[in-house]
Amino acid sequence: MGLWSFWSLSLVAFVLLYPFHPKFVSQAEISLPRKSDRFNRLEVTPLEARVTRKSAEIKVSLEVDNSTKVLRALETEADGEIGQQVGNETSGEEPPVAIKPNSHSGLKIAGKKYGNILEDNQARSTEKPMLDSAFSVSRKKAKRSVDVTSTENVDRSISGEAHFIERFVETVQGVSNSRAEYRRSGEEARGSNPRQNEPHLDTSTFALSGDSAHNQAMVHWSGHNSSVILILTKLYDFNLGAVTESSLWRSTDYGSTYYKLNDKVGSRTVLSYLYVCPTNKQKIMMLSDPEVESAVLISSDEGASFEKHPINFNILSLLFHPAQENWILAYSHDSKLYSSMDFGRKWQLVLDNVMPGRFYWAVMGLDRESDVVHIETRIAKGRAKYVKCRAQRCSEANRQYLFPGYVDTNSLVVQDEYVFTQVTKSGRASYFVSYMRESFKRMKLPKYCLPKDMHIISTDEKQVFAAVQEWNQNNTYSLYISDSPGVYFILSLENLRTSRGPAGNLLVDFYKVEGINGMYLANKLVDNHVKTFITYNKGQTWALLPAPATDVAGNNLHCVLPFCSLHLHLEMSENPYTSGPITSKKSVPGIIVATGNIGTELSSSNLGMFITSDAGNSWRQIFDEEHNIWFLDNGGALLAVLHAATPIRHLWISLDEGKKWDRHSFSLAPLYVDGVLMEPESDNHIITFFGHFSHRSEWQLIKIDYKGLFTRRCMDGDYQTWYLHNKGELCVMGEKQIYMKRRPGNRCMLAQDYSRIYSSEHCLCTAYDFECDYGWERQADGKCSPAFWFNPNGATKSCSTSQTFLNSTGYRKVLSNNCREGGRTSYSPRREACRPRAPRGLRLSTSQGELSATVGSNVTFMVYLDEGDSQRTSIQLDFGDGIKITYSNLSRTDDGIKHIYRTTGIYRVTATAENSQGSDSSTLFLHITSPVERVYLSAPIVTIKGKEANLTAVVWPSHTRTLTFFWWFDNSSEPIITLEGSISHTFQREGKNKVTVQVASGSAVMQDSKVITVKEFFRSLLLSFSPTLDEHNPDIPEWREDVGRVVRTALSQVSGVPQDQLLVSLYPGLPTTAELFILPDEHTPSEHRTRSEEALETISDIFVTALNQGLIQFELKADIRIIVYMTQQTLAPLVDSNSIHSGPAMLMLLSVVFVGLAAFFIYKFKRKIPWIHVQTEDSHEKEPEVISTVGQNDTMSKVKLSEFPSQKELMEKDLEARNRGGIGRNVERIVTREFPNCTNV
């Protein structure tokens, strides 16, 4: 009580002595910062989540995933905005993810321009103020962290579990719970002994009453200098995976007061997401929760009114047009892309099977029509097509396929002047680029780089920065820089530090310093130590950062290069409304604020805050704990907030580049700060802190007006100049530049349009204004020499004898370097006269690098010539199918040579280059195939042990020399492989033997199997059926098997012969015919072979009698009975199907009559027919054996079954008869329905 009494008396004295002021003035004072946790590495970051940084998207594996990925870190203006997700973190829990980056293989784009290579390709770059984008907040226990949703193309899947704990109530002295708004001013906020001239802040607090249970929020500050702020709060049920409640709040006075809009959008409407048009921030689009209703709510007056429009699909992401405010692309849950040209009122389907995040609006100035859409559409697993069409006219006839052939899925990137894609063949990825919408060219890295993965980091200033993982790298990447067309890459920095984010996205420690041309920071692995390097010439040379001379307390550090240096964390913040570990701004060139440490390597402990005011030449330590730091007043002031897991109530402001910091109180009670919202480049000087007093309290929004820090606007005398230099060298990127900045400590407001560059003077070029050209490498003495694999004397292929060409000196000027050439040394390419050269290094390939194609497809051949006069060198291409084509010069083949093959086969394709000096040639062998649709194994179902049996694989359609056949016999461990479709095999084991043939055509494999019964002897009879059976014959294997089983049963019932001694096989085609095989009894001993043969002969006689008497019948359907006959008719066509050949037709009819008479004669006189029952005598033992359709070579005095056509010949004749056309049914119509037009291979 004594202590409380003392403070009460002090407060009374304070009130009596000093009058209250209408504004809250905070006393400036110094206090020591407290320790805080490290920043987590950014997993997903939206474009507009930074103050001035752009974002770059990447993936070339180009991993481009999914897929070994590659390419893409690209920078564009933001096409759309959506709220960022901010979450209250409970200890040990991850915040709910508001956007899932793509995990597919293929080209990827970084979510930040530099630093983080992310999977979500739509998180594009922007220079818009971070408060232009909305954010969303998810509550957890102790603090709120930010998970970002992409501002353009947002995957809004939310994952994680809510672990709610009991609410604790924190009593805040001096804060009334009965009012939503609370204001403080004057001495109440300043404390004792106030000074009237001290800088002060005006603050007000507003609580969103009734939404304390809501665990997510999305905030948007409307357009430039607008006073409107929108807040969407939501209750997300993690068990249901859906939003169950929502409230929409709106402020029209920069956040001083808010009012609810639930009645305007519909009291029962549950809102899930908020989007803002990037080109007109007065236009707002909100999505209702699809679990309740699918609708969009549209506002054109910053949320003052809404109109609702139902939709019939679930929107997963939106992409706004960069110029047209009403044009939107929407990606649905079922992989369909829709377009709207009236800001969401009506939608039209553009294309289906679209890969998520792989669609782009036209780039102004490059695409002819502004409504063009670039799309990657999935064709098959791992394969996609690059499609270009107009948003409202994307039918098949209106689509353009600009890349010849398939691309890897998740590999299309359209960014600025470039289009990137990736193609993987035989496990190796090739990367292609189109510059200024011209034809695609293969990206070329040093010959033995052999990239395993590639990511495009940036496409600034018409140049590509790429992170490449070389063949001998595992956890690091190397930085490569291209020429303007993005084709030829050279090494800039090896062993960049990289890591993987929670979703598998690549994170690269690489950062562009805003406001200084050619200045970058990167973390490199050196002898297992990560060190920070800086470049002033766009990666041509790199150096360590010098450490400060003293620490924040003024103690000497004694850190000497190169043994000790300053190391910085370069990752982006996971919360778009915190500054992250490093900050720079275009409007204040030369100032960088970053989190780091001093020592031999980068560390996550002993962290402090460091600042440079001279573009990295010297550094000072400003805090010994981590802080979030923002630029205020167009960069003229710095705002610092402690990065802590505990609630805070103070902020720090510096007006002299961090030399002195004033502490200000912004809240009576400590606040868990979830983020800071501000509008840079504006004149309102408003900051909004948002957070909560406890983990379950209402959302608190604290508006801070810092205009009171300044006394007036800056005049000419308030500025000073400073020289940009690199360790004393004034020429940086070819210029001597003098910059202007406000004199430290002046309390004047900066004008937005004042010039930062005071003067600029071009310098004479030196060797370090140039980088080594493609194929050249920097040596220890600083000179560029050709690599061992590169021939610098090779003339360009476009060089003609009557012309000149630019021959590289081994150097190429750093892009955007402004030096002027002069003096004796010249590093630019020299113009030389072209000399006559014979063609050398002629290379021939297909556009996709494949050596196979399908019949009828358009094959594109590419011809390359390393040396020679391309203008006077003729090119002849022999396609190998009898067609040749000749071009007068090589330039006519730049777009490739197209040819269509009409038949399958292997073709020798030869290219020949010839001029007056000589010739060169190149050859490739191209396999033209067609898909195998069906395979049929033609084989006897019974064969004789120890004698060859012919097996034939019949394929449809027919192929020539392009198939591989794999023959598997019984349980063989390895197949017999042939290139022909026929094989002879001798079976040595009696019983049932299974034969399988597999036919491989490219990557497709089909097979068919047969079971062959092997015996030492057997008898067989040919069968025919009532003509009615042909009318019900579908000619498929299953039907033939079923009919054969029925016939076998009927034969067994009539004769009493066991079914296991009978086999009936129906042949394909019409008329329906079959063969009956009579097998010896398995139980008869082998020494009684003679008795067994006599028994088979007796059984055969019985069947002949029964068949001739029509005793073998079966019921096919009700009232349809089929009679089985013994026949002498062969399976081969008896007539020519052509109707004009009447003579052969008559012969066939006479043959049928003759066969009928012979059958009657046999029945009447009961004589044996030699070709049905044939007793043959071996020349030595005179033992009888059976003659069957498999063919035996014994000489017969009578007609033998072996004289019948083989099955292969039969099918060929069937094909011939069908091609000529049938002339009737039954005997006269012999066709094959199962294998039309099939031939034996």
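This is a short dialogue on reading features of a predicted model.

Visitor: How are two packed helices described?

Guide: Two numbers do the work: the angle between the helix axes and the distance between those axes. Here the model is predicted, and a good pair to try is α5, residues 1037–1055, with α6, residues 1089–1108. Their axes lie 11 Å apart and make an angle of about 105°. α5 is therefore roughly perpendicular to α6.

Visitor: Which residues of α5 and α6 meet?

Guide: From α5 come L1051, V1054 and S1055. On the side of α6 they meet I1102, F1103, A1106 and L1107. By class, the residues of this contact are six nonpolar and one polar, with no charged residue.

Visitor: Let us turn to empty space. What shows where it is left?

Guide: A probe the size of a water molecule, rolled over the atoms, shows it. In this model the largest cavity has a volume of about 200 Å³. It is lined by 20 residues, and those closest to its centre are V588, I591, G635, E657 and K741.

Visitor: Which strand gives the largest share of that lining, and how do the lining residues divide by class?

Guide: Strand β54, residues 735–742, gives the largest share, with three residues. As for class, the lining of the largest cavity has 10 nonpolar, four polar and six charged residues.

Visitor: Now a sheet, please. In what order do the strands of the five-stranded open sheet stand?

Guide: Read across the sheet, the order is β64-β70-β69-β66-β67, and the pairing is mixed. The edges are β64 (852–854) and β67 (884–887); each has a single partner strand, so one side of each is left without a neighbour in the sheet. On average, neighbouring strands of this sheet are turned by 25° against each other, direction ignored.

Visitor: How many bridges pair β66 with β67, and what is the bridge partner of D878?

Guide: β66, residues 874–878, pairs with β67 in the antiparallel sense over four bridges. The bridge partner of D878 is K884 in β67.

Visitor: Where could I follow one strand to partners on two sides?

Guide: Try β22, residues 372–380, which runs antiparallel to β21, residues 354–361, and is joined to it by four bridges. β22 also pairs with β23, residues 383–390, in the antiparallel sense over eight bridges. I375 is a handy landmark: it is the bridge partner of F359, and I375 also stands opposite V387 in β23.

Visitor: What is the phi of G382 in the hairpin of β22 and β23?

Guide: G382 takes a positive phi near 80°, in a hairpin with two residues between its strands. For a positive phi in a residue other than glycine, look at L450, where the value is near 45°. L450 is placed in the loop between β29 (441–442) and β30 (453–458).

Visitor: And the peptide bonds: which residues does a cis bond with omega about 0° join?

Guide: That bond joins L561 and P562. P562 lies in the loop between β38 (543–544) and β39 (565–568). Another cis peptide bond runs from W956 to P957, with omega near -5°. You can find P957 in the loop between β73 (948–956) and β74 (964–969).

Definitions and conventions:
Residues numbered from 1 in each chain as written. Predicted model: local features only at pLDDT ≥ 70, side-chain atom pairs only at ≥ 80, totals over all residues. Heavy atoms only, no water. Axes fitted to C-alpha atoms, helices over the stretch in contact; angles between N-to-C directions. Parallel < 35°, antiparallel > 145°, perpendicular 65-115°, else oblique. Contact = heavy atoms within 4.5 Å. Nonpolar A, V, L, I, M, F, W, Y, C, P; charged D, E, K, R; others polar. 1 Å grid on protein atoms, 1.4 Å probe; cavity = no way out; pocket = protein on both sides within 12 Å on 5 of 7 lines; lining within 4 Å. Points joined across faces, edges and corners; volume = space filled by probe spheres on them. Pairing = 2+ DSSP bridges.
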